[in-house]
Amino acid sequence: MSSQAVEVEILGKLTRVNCPAGQEEALLQAAKRLNDRLKDMTDKTKVTNEVHLLTIAALNCCYDLEARDSSTQQQQELHEQLNERMEKLSASLDDALSKVQPGKPSALS
């Protein structure tokens with residue numbers, strides 16, 4: 001897959017970054033999001049050291065990813081538990097229905 005250089009602006013500095021073809025807009029949006037986050041952090045914390053700001057931003061991004069991954073894993077586990085319960089319920093219903101004889105009233109009626 002080919003790539004091309006895309007120029008992004010972070011903290012007022014232009015940087016050329018290689019980007020896969022067709023992903024330029026996503027890269028520009030990510031750069032804007034990072035830049036906005038850094039500006040917001042600067043306003044809130046009054047920290048102006050770029051290395052410090054970038055370190056905090058990177059840690060925050062990693063924390064957000066960990067929280068999202070953990071949430072996704074919990075949702076997947078709950079989904080699996082629900083599927084197991086549904087399979088047991090279905091088997092139980094199939095068993096009960098197999099005991100009903102056609103034309104005769106059952107305890108389920």
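**View 1. Ala 67 sits in helix H2.** Welcome to the first close-up of this predicted model. With a relative accessibility of 39%, Ala 67 counts as partly exposed. Looking along the chain to Thr 55, 12 residues away in sequence, you will find 18 Å between the two C-alpha atoms. Thr 55 also has its place in helix H2, and its relative accessible area of 42% makes this residue partly exposed. From Thr 55 you can continue to Ala 91: these residues are 36 apart along the chain, and their C-alpha atoms are separated by 54 Å.

**View 2. The largest nonpolar core brings together 10 residues.** If you would like to pick them out in the structure, the members are Val 6, Val 8, Ile 10, Cys 19, Ala 31, Leu 38, Met 41, Val 47, Leu 53 and Ala 57. Strand E1 (3-10), helix H1 (24-45) and helix H2 (50-98) are the elements that each give two or more residues to this core.

**View 3. Cys 19 is a buried member of the nonpolar core.** Its relative accessibility is 2%, so Cys 19 counts as buried. Which residues does Cys 19 touch, leaving aside its neighbours within four places in sequence? The contacts are Ser 2, Ser 3, Gln 4, Val 6, Glu 24 and Leu 27. One of these, Val 6, is also listed in the largest nonpolar core.

**View 4. The cysteines of this model form 0 disulfides.** Why is Cys 19 without a bond to another cysteine? The closest cysteine sulfur belongs to Cys 61 and is 18 Å from the sulfur of Cys 19, which is too far for a bond. Cys 62 is in no disulfide either: for this residue the nearest cysteine sulfur, again that of Cys 61, is 7.0 Å away. A disulfide would need the two sulfur atoms to be within 2.5 Å. Cys 62 has 47% relative accessibility and so counts as partly exposed.

**View 5. The largest pocket holds about 180 Å³ of space.** Which residues line the largest pocket? They are Ala 30, Arg 33, Leu 34, Arg 37, Cys 61, Asp 64, Leu 65 and Arg 68. H1 and H2 are the elements that give two or more residues to this lining. Cys 61, met in the previous view as the residue with the closest cysteine sulfur to Cys 19, is one of the lining residues here.

**View 6. Leu 11 has a positive phi near 50° although it is not a glycine.** You will find Leu 11 in the loop between E1 and strand E2 (13-20). At 23% relative accessibility, Leu 11 counts as partly exposed.

**View 7. Lys 46 also has a positive phi, of about 65°, without being a glycine.** Where does Lys 46 lie? Its place is in the loop between H1 and H2. Is Lys 46 buried or exposed? With 64% relative accessibility, Lys 46 counts as exposed.

**View 8. Residues 72-99 carry a UniProt annotation as a "coiled-coil region".** This feature comes from an unreviewed UniProt entry. In the model, this stretch is 96% helix and 0% strand. How far apart are the end C-alpha atoms of residues 72-99? They are separated by 41 Å.

**View 9. Asn 83 lies in helix H2.** Its relative accessible area is 31%, so Asn 83 is partly exposed. For a sense of distance, try Gln 29 as a partner: Asn 83 and Gln 29 are 54 residues apart in sequence, and from C-alpha to C-alpha they are 38 Å apart in space.

Terms used. Residues numbered from 1 in each chain as written. Predicted model: local features only at pLDDT ≥ 70, side-chain atom pairs only at ≥ 80, totals over all residues. Heavy atoms only, no water. Core = buried A, V, L, I, M, F, W, Y, C linked by side-chain atoms within 4.5 Å. Buried < 20%, exposed > 50% of the residue type's maximum accessible area, 1.4 Å probe, protein only. Helix = DSSP H or I, 4+ residues; strand = E, 2+ residues; numbered from the N terminus. Contact = heavy atoms within 4.5 Å. UniProt positions renumbered as here; feature names shortened; annotations may be inferred. 1 Å grid on protein atoms, 1.4 Å probe; cavity = no way out; pocket = protein on both sides within 12 Å on 5 of 7 lines; lining within 4 Å. Points joined across faces, edges and corners; volume = space filled by probe spheres on them.
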